[in-house]
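Please open the model in your viewer, with a cartoon for the backbone and sticks ready for selected side chains. The tour begins at a single residue and widens step by step.

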Amino acid sequence: MCLQLSLHHSAPHHLSPFPPSFPASTPPLLPPSLVCVLRHSEWLCVLTGGDVCITGHDTGPVFEEQPGSLIYPEGLSDGKVTLNCQARASPAATYRWRVNGTDVLVGDPRYTLVAGNLVISGPQSGRDGGSYQCLASNRCGTILSRAANLKFGYLHDFPGEGRSPQTAFEGAGAFLACQPPAHYPALSYRWFINEFPNFVKSDGGRWFISQVTGNLYLAKAEPNDAGNYFCFTTINLDISTKSTFSKPSQLTVQPDGTAVSAPAIKVLPDVLRWRKVEGLLPSKAGASAEGPILTLPEITFDDEGIYECEAYNSEGRDTHQGRIIVQAQPEWLQVMSDSEVEISSELHWTCVAAGKPRPSIRWLRNGQPLSTQDRVEVNGGHLKIVNLALEDSGMYQCVAENKHGTIYSNAELRVQVQAPDFRSNPVRRLIPAARGGQVMMECRPRAAPKPTLFWSRGTELLTNSTRVTVTPDGILWIYNISRADEGKYTCFAENYLGKANSTGHLSVRDATKITLAPSNADINQGENVTLQCHASHDPTMDLTFTWALNGALLDLENPAGPYHRKETIGDLLIVNGQLNQAGTYSCTAQTVVDSATASAKLVVRGPPGPPGGLVVKNVAETSVELRWSRGYDNHSPIGKYVIMSRSPLSPGWRRMRTVPPNIEGNAEAARVIGLSPWMDYEFQVIASNILGSGEPSMPSHTVRTQQAAPTVAPSGLGGGGGDRNELIITWTPMAREYQNGDGFGYILAFRKLDSATWMVERVANVESSRYVYSNQSLSPYCPFEVKIKAYNRKGEGPFSQIALVHSAEEEPTVAPSRINATALTAFDVQVSWDPVQQLSANGILRGYEIRYWRQHEREAAADRVRTAGLETTARVTGLRPSTRYHVTVLAYNSAGTGPASPRTTVTTRRPPPDRPPANVSWKTDGSWVTVRWDHVKALDNESAVLGYKVSYCQSALKVLDKGKNSVTLPLPKDNGYVVLEIRSSGEGGDGAAHETIVSRTGMMVQNQAGSLWSIHVSLLLTGTLSLTLIALLDL
């Protein structure tokens, strides 16, 4: 309860049950336990016998942290649960808790209160589960927190018995049931195949795992989908995670014997597309609008509705619909705020919340439910309390809730009781006013209940007259002021708690007058103009000028804006005048006591305004008629009109051809030609005059032109490929602008080359781009003549030009002959063969495949190399030394490989020595250097050394026979260096290299395989060359 009484009195300091001006009995609405003290001419009265909320000092509690719901693992008895609760309050808040509406006994050793937080030790499901709420209190009131649910989570194991095998047919759909064990809360589901963690992943949209049932769905089974599948479930709790998986579900995929009678299930859809049945599909769907899963981020109520998935290919189409219902937890639209209200008055508070389902609203006072009774009226989100009393002070809460959640709004009510007090808002001490004008004096003391107010001038009590008005709320008006009205004015305020007054002085000044008023002006758009304004005023006061356009105040302080004020005078400069700046300009000269205003009109000539009333009539296949009304000419006659349009295919506005071609300025109708049939259009009309083109009209309503038969043929006709005995024909789907009507489709005509009879097929889908013709008698790579045309409900279009398309290829039937394999080195062999004739290729021969495997390996493990063209030789690298290989060659085309040739064998050569030349030394002579080394001796299992290779300057190479072990090479002309590599060479290939870096200075750095750089320095005795050290790292 809050109380502060201020009573002004001139008696000396003393204590009394009531001030001397009070009657002996208790005043109305004051509690009996009231003690008043007179201090510094002011009575201060306070309640005794309890805590009192002190205005201006105390604040009621406001939550800074509230408890949150959590799920605790069932059976974890040695842990603790902490429910947080912290409130900001002065004095500090005290806390208590409720569970399921019953107070929590903090004396119980299982419960500990730490500050405001409740700690539960060893929580158990049957004993501690429930809804917890925190109450924060101080002497200003009590607030109740949101409810926090403590629940216990668990996940049992899957049953131990095995699962029944499942069978799927190739090309058909299938699903595996998860049948999760008992659990709480909801699970997340994954599946793995054969072994953990080989989880099932999305494969072109074929797989889908329901996060509601856990079931695994397969859209089109393939032979490699067979295996053992495990349902893997995971439960996520606030402090832990648990997972378990099922016994395997064996899936077997069998060949589908229904391919002839039901070809549609053998072919995946060419197109998947989503649409909203009533309305447009939200643009935020993005690429998911054309995929198996529609994703709508940040969903809103506008997304509600029925959605349809459409799947189609050359074999047909199918659709399926689902409904999205959007609901939401409560959200505040309007809440109450802290209020200080005088005693005996009325309080009105309103809370408004949005949500779906619609939230219900209830009220709390100091944590207790509030309902209609006595002076309190509760009506949903509206609270009304009449004849407010001190005991109505406290903390109030508005609670909105639906099945998705609960929200709280808090406010503090303080009922004020106070004698009149002018200290915070006295009457103005000096009140200037202009002679001949009017003045307003306010009287607004703090007082509760509302005081009686009256005014006096000196000893004269002021009442309403022709020049004086005193309003009921204490405002004093004086009209037609003269010098005689100067003087002191006093406002008196009184209620049953006391009296007070405040005085101000009225000072009368000279009136402000306009001495040079602005004149009317006329300019063209883009020109500058100055409007003049001068005024006289009382010299004791400052004068300011303001300007307004059609009553709206102008910003004169923005240097980048169009309006600028000249210094010391009121002239207004308008820069780059625009049409929207035409109108009435008002100049106001103002002092603190009065003002004077003068106005002028500015006319701005410019391009015409937008035409109005645009309507579309007489809609035909390629033309429409437009009618409009003239817009404002902006003081310059309209010279001509142009017509613009846009369509879904060209979202930007573009100029249209019309009849007549040039539309005169006095016209109000024209015909638009050159439109596409069955197309949506919007139109705009733009007027222009000698000053330019104006703003366009508002777009017309969307109209669709009439339908017509197609006029062009589809493009991109081609095809080929596919399975055995198939002819695949492809084309580019017709763009919307060429379809010309609904009921759109394609007519295909095809025949074998040199045949006289055309076969004709209709494809009734606008998005189709391929057709598959199957015939068991169809020979491989058979040429067909193909042509295509479009049709709609209005007729058929022209045929395209004839294209030549071949039926599907088959694997070659003949193997290459005369296979020869020759060992080149210990690691490479050369393979050659006689080519296969193209007539035996059953299609276009793409190249050859060489298969090779070691003597003791199976042919199934063979490595493979393919040629990129029709070459008849190939080099196979990366082989093992001294190893016998089998080699065979196969021809291939786009359908696959043909039969293998007879195998041949080859043995790779012995490996070269793995040691570089040793004891390398050198000697420089002018611009030459001579390098020597020791011969490399081959081991028994290595190929003989036939010579040496010396490479230098990155590309130069010298090949020496085995009898030589030195070489003389030129040094670089500058002070650079030469990199030398020396290695042995033989039938098995090149051996390990010894790398040497030599510079003109005579310095040499050597690098042997597997070792750090070793540095040798040779000084020439001539003394003409300096020693240079180059540090190099073995990178």
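Select F175 first, which you will find in strand β17 of this predicted model. Colour this residue by accessibility and F175 appears as partly exposed, because its relative accessible area is 44%, a value that falls between the limits of 20% for buried and 50% for exposed.

Keep F175 selected and add F208, Y217 and I293, since these four residues form a nonpolar patch on the surface, with about 390 Å² of accessible area together.

Next, return to the backbone and display the strands around this starting point. Strand β17 belongs to an open sheet of three strands, in the order β17-β21-β20 and with antiparallel pairing. The edges of the sheet are β17 (174-176) and β20 (207-209), each of which pairs on one side only. If you fit axes to the strands, neighbouring ones are turned by 15 degrees against each other on average, with direction ignored.

Now select residues 216-218, the strand β21, which runs antiparallel to β20 and is joined to it by three bridges. To look at one of the pairs, pick I209, whose bridge partner in β21 is L216.

Finally, zoom out to the whole protein chain, which has one helix and 92 strands. Of its 1035 residues, 43% are buried, and the accessible surface of the chain comes to about 54200 Å², with 50% of that belonging to carbon and sulfur atoms. If you draw contacts between residues at least 6 apart in sequence, 63% of them join residues at least 24 apart.

Terms used. Residues are numbered from 1 along each chain as its sequence is written. This is a predicted model: local features need pLDDT of at least 70, side-chain atom pairs count only at pLDDT 80 or more; totals for chains, interfaces and linings use all residues. Side-chain values use heavy atoms; hydrogens and water are left out. Two strands pair if DSSP finds at least two bridges between them. Helices (H or I, at least four residues) and strands (E, at least two) are DSSP runs, numbered from the N terminus. Axes are lines fitted to C-alpha atoms, for helices over the stretch in contact, and angles run from 0 to 180 degrees between N-to-C directions. Patches are made of residues with over 30% relative accessible area and no salt bridge: like charges are joined within 9 Å, nonpolar side chains (Val, Leu, Ile, Met, Phe, Trp, Tyr) within 5 Å. Accessible areas come from the Shrake-Rupley method with a 1.4 Å probe; for residues, only the protein chains shown count as cover. A salt bridge is a side-chain nitrogen of Lys or Arg within 4 Å of a carboxyl oxygen of Asp or Glu. Buried means under 20% relative accessible area, exposed over 50%, partly exposed in between (1.4 Å probe, protein chains only). Contact means heavy atoms within 4.5 Å.
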